Amino acid sequence: MDWEAKFRAWAKPPGKSEQDRCDNAISAIRNAIKSSSDLRDRSILVFPQGSYRNNTNVRNDSDVDVGVLCTDTFFYRLPEGYAADMFNIIPATYDYAQYKNHIEAALTSYFSRGTVTRGNKAFDIHETSYHVDADVAPFFQHRRYSPNGSYIEGVQLCTDKQQPIINWPEQHYQNGVQKNKDTGTRFKSIVRVLKALSNEMAGANISAGNVPGFLIECLVWNVPNNLFQNSTYTEDVKSALVFLYQNTTTDDLCKEWGEVCDLKYLFQSLQKWRRSQANDFISAAWSYAKLGD
């Protein structure tokens, strides 16, 4: 097996036809929202997020995560000891449950019957010959306030099981762009390589290989920039995996690691992965690619 050639192929982003099908999905979702009489007078922004927007999606495995953000209402987190009226925050007149139902009606009205599935967090728009599979997440703005009244802006959804989920897509995007620049574009290339390696391992029924692509991207983001300075992709992959393995053997070694947005800890109780799962993947990836030979 020529792993260097394989890594170089995996490092490339999806081709034009695959990207076009991603773009078609986003355009169709925008049209669905525009066609809704319930949402027509709302302040709505439809935007790509996830691996497609961050340019870390891999070939032949593309889907699109799309956020639909309404800014008429916002969720917020205040500093300890502060109350909403101190920041001139007034009760909302448009609630999230109503908004999610409006999004569902807009999507099911626009797309063909059986194409839209409502999930706990988002809506799945099933793949067609025209567009890729898309996950559509309805968001309100989230504001993390400081005592002086300034705030950091993110997005928030509330699951059908009433669990709040806060994300920071713009900060994630900007930090990823900067790290990619600082590593001579190797950051996103190595993310794609490890995602594709994970897919191949999962296809070979190696259970440790089946980890979320988002986790892989965040792990690679925590690798120091100087470890991406090798002459080959193989050496970059080796350097990244060695660092990640050594620093995920205990909770203490990686307890300060963050997601790419740098506003959420990577390993915390609410995450759907664990540090041990990351360590198992890294070890299995090293063995599968025979990087020690």
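**Salt bridges, helix α4 and nonpolar cores**

The side chains of Lys6 and Glu200 form a salt bridge, with N and O 2.9 Å apart. This pair joins distant parts of the chain. Lys6 belongs to helix α1 (residues 3–10) and Glu200 to helix α6 (residues 186–203), and 194 residues separate them. Glu200 is partly exposed, its relative accessible area being 24%. The model is a predicted one. In total, 13 salt bridges were counted. Side chains of opposite charge can pair when their charged atoms come close.

A second pair involves Arg118 and Glu104. Their closest N and O atoms lie 2.7 Å apart, in a salt bridge. Arg118 is located in strand β3 (residues 116–118), whereas Glu104 is located in helix α4 (residues 96–110). The two residues are 14 apart in sequence, so the bridge ties the strand to the helix. Both partners are partly exposed: the relative accessible area is 30% for Arg118 and 25% for Glu104. The pair also belongs to a network of salt bridges, in which Lys100, Glu104, Arg118 and Asp160 are linked.

A further salt bridge connects Glu259 with Lys264. Here the closest N and O atoms are 3.9 Å apart, within the 4 Å cut-off. Glu259 is buried, with a relative accessible area of 5%. That value falls under the 20% limit for burial.

Helix α4 was examined further. It has 15 residues, for which a span of 21 Å is expected at 1.5 Å a residue. Its end C-alpha atoms are 21 Å apart, in agreement with that expectation. The buried residues of α4 are Tyr96, Tyr99, Lys100, His102, Ile103, Ala106 and Leu107. Viewed down the helix axis, these buried residues fall within an arc of 155 degrees, so they line one face of α4. Lys100 is thus listed among the buried residues of the helix and is also part of the salt-bridge network. At the start of α4, Asp95 places a side-chain oxygen within 3.3 Å of the backbone nitrogen of Ala97.

Attention then turned to the nonpolar interior. In soluble globular proteins, nonpolar side chains tend to be buried together. The largest nonpolar core holds 40 residues. Within this core, Phe7 and Phe267 touch the most other members. Two or more residues come from each of α1, α6, α7 (213–221), α8 (233–246) and α10 (275–288). Helix α6 gives the largest share, 8 residues. Contacts of Phe267 were listed without its neighbours within four places in sequence. They are Leu215, Leu219, Cys254, Trp257, Trp273, Arg274, Arg275 and Ala278. A second core is separate from the largest one and has 37 residues. Its members include Cys70, Ala134, Phe140 and Cys158.

Gly176 lies in helix α5 (residues 169–182). Its relative accessibility is 4%, so Gly176 counts as buried. Residues up to four places away in sequence aside, Gly176 touches Phe187, Lys188 and Val260. Gly176 and Pro48 are 128 residues apart in sequence. Their C-alpha atoms are 15 Å apart in space.

Notes. Residues numbered from 1 in each chain as written. Predicted model: local features only at pLDDT ≥ 70, side-chain atom pairs only at ≥ 80, totals over all residues. Heavy atoms only, no water. Helix = DSSP H or I, 4+ residues; strand = E, 2+ residues; numbered from the N terminus. Buried < 20%, exposed > 50% of the residue type's maximum accessible area, 1.4 Å probe, protein only. Expected span 1.5 Å × (residues − 1). Arc of directions from axis to C-beta. Polar contact = N/O pair within 3.5 Å; in protein donor to acceptor, adjacent residues only side chain to side chain. Core = buried A, V, L, I, M, F, W, Y, C linked by side-chain atoms within 4.5 Å. Contact = heavy atoms within 4.5 Å.
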